[in-house]
Every structure is written in structure tokens, then in C-alpha cells.
Amino acid sequence: QLQLVESGGGLVQPGGSLRLSCVASGTKQYDAIGWFRQGPGQEREGISCINYSGSVSRTGNSVKGRFTATRDNANKTVYLQMNDLKPEDTGVYYCAATDRYYCRGFDSGQPDMGFWGKGTLVTVSS
């Protein structure tokens, strides 16, 4: 089993910053962790994919230069630092794990990830 729990979401003004955390627990091995978000009425959008070694393989076009994923394997935690937040960043942010070293379907709208957290809501509004 593998459980993923996101935290760190909340209400922030445009231009502000948040750091999301994703903590994994359980016995299932995993490699890459992806961050995805889903706004109301939208498909899930790939935000970042980071492999076990900490290399970021994919970054969503809309967040390049603003969001950075990192991971701390000792604590089974992956982070998403979000800077210069915009209203269009509003949505539920999910982390998801896979035993692959990459996030298959990252930008497909239907990512093929084995395990998903419940999500944390990020609202960017003035």
C-alpha cells in the first residue's frame, strides 16, 4: 500500500507564494512523483514530474519559471514551491506516485499514475 497526503494549500493573493507538501507512507515502492492540478470543470493538468533522484523531467508550460518541485526521500516528502501565483493557478493540487521514473501521460489530461493523494485546494484571489 501507498498513501499520499498533500498539504499546504490555502488562499493567497496574486503574486504570492505557497509551498505544497506531499508525504508518502506505506510499503509500496515508487519512483517518480507528479504534481497535477485540476480547476473547476477542467481535466487534470500536469504541473511537474520529479524522479527519485530529484531530477525534474517535466514542467507544465504555464508554470515554468514559477513553480519548482523538490523531494526529500529520507522523509518521503515531495514539495512544490509555487511563486508568483496567478488567479489561473487556482485549483485542487494533487500529488501522484508511479513506479516508473517518468510520469506517463503527464500532459494528456489522463495521467497514468498508480497512486493519488486526495488533493489540497489552492485559491489565488485578491
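Trainee: How many salt bridges does a search of the whole structure find?

Mentor: This is a predicted model, in which local features need pLDDT of at least 70, side-chain atom pairs count only at pLDDT 80 or more, and totals for chains, interfaces and linings use all residues. Residues are numbered from 1 along each chain as its sequence is written, and side-chain values use heavy atoms, with hydrogens and water left out. A salt bridge is a side-chain nitrogen of Lys or Arg within 4 Å of a carboxyl oxygen of Asp or Glu. Under this definition, the search of the whole structure gives a total of seven.

Trainee: How many residues apart are Arg37 and Asp89?

Mentor: The side chains of Arg37 and Asp89 meet in a salt bridge, at 2.7 Å from N to O. Arg37 lies in strand β4 (residues 33–38) and Asp89 in the loop between β8 (77–82) and β9 (91–97); strands (E, at least two residues) and helices (H or I, at least four) are DSSP runs, numbered from the N terminus. The pair therefore links distant parts of the chain, and the separation is 52 residues.

Trainee: Is Asp89 buried or exposed?

Mentor: A residue is buried under 20% relative accessible area, exposed over 50% and partly exposed in between, with a 1.4 Å probe and protein chains only. Arg37, at 5% relative accessibility, falls in the lowest class. Asp89 has 0%, so Asp89 is buried.

Trainee: Which parts of the chain does the pair of Arg58 and Asp107 tie together?

Mentor: The two side chains meet in a salt bridge, with 2.9 Å from N to O. The partners are 49 residues apart in sequence, so the pair ties together strand β6 (residues 56–59), which holds Arg58, and, for Asp107, the loop between β9 and β10 (115–116).

Trainee: Is Asp107 buried or exposed?

Mentor: Its partner Arg58 has a relative accessible area of 34% and is partly exposed. Asp107 has a relative accessible area of 58%, so this residue is exposed.

Trainee: Which residues do salt bridges that share partners join into one network?

Mentor: Side chains of opposite charge can pair when their charged atoms come close. Asp84 and Lys86 form one such salt bridge, at 3.7 Å from N to O. Salt bridges that share partners build one network, and its members are Arg37, Glu45, Arg66 and Asp89.

Trainee: What is the angle between the planes of Phe36 and Phe106?

Mentor: The search of the whole structure finds four aromatic pairs. Rings of Phe, Tyr and Trp (its six-membered ring) pair if their centres lie within 6.5 Å, and planes under 30 degrees apart count as stacked, over 60 as edge-to-face and the rest as tilted. The rings of Phe36 and Phe106 have their centres 5.8 Å apart and form a tilted pair, because their planes stand at 50°.

Trainee: How many residues apart in sequence are Phe36 and Trp116?

Mentor: The rings of Phe36 and Trp116 have their centres 5.1 Å apart, and the pair is tilted because their planes stand at 50°. Phe36 lies in strand β4 and Trp116 in strand β10, so the pair ties together parts whose separation is 80 residues.

Trainee: Which residues form one aromatic cluster?

Mentor: Phe36 is buried at 0% relative accessible area, whereas Trp116 is partly exposed at 28%. Both belong to one aromatic cluster, whose members are Phe36, Tyr94, Phe106 and Trp116.

Trainee: Over which ring does the charged end of Arg44 sit?

Mentor: A charge sits over a ring if NZ of Lys or CZ of Arg is within 6 Å of the ring centre and within 35 degrees of the ring normal. Arg19 meets this rule with its charged end 4.2 Å from the centre of the ring of Tyr79. For Arg44 the distance to the centre is 4.5 Å, and the ring is that of Trp116.

Trainee: Which strands are the edge strands of the open sheet?

Mentor: Four strands form the open sheet in the order β1-β3-β8-β7, with antiparallel pairing; two strands pair if DSSP finds at least two bridges between them. An edge strand pairs on one side only, and this applies to β1 (2–7) and β7 (67–72).

Trainee: How many bridges join β1 to strand β3?

Mentor: These two strands run antiparallel, and β3 spans residues 18–26. Leu2 stands opposite Gly26 in β3. The number of bridges that join β1 to β3 is six.
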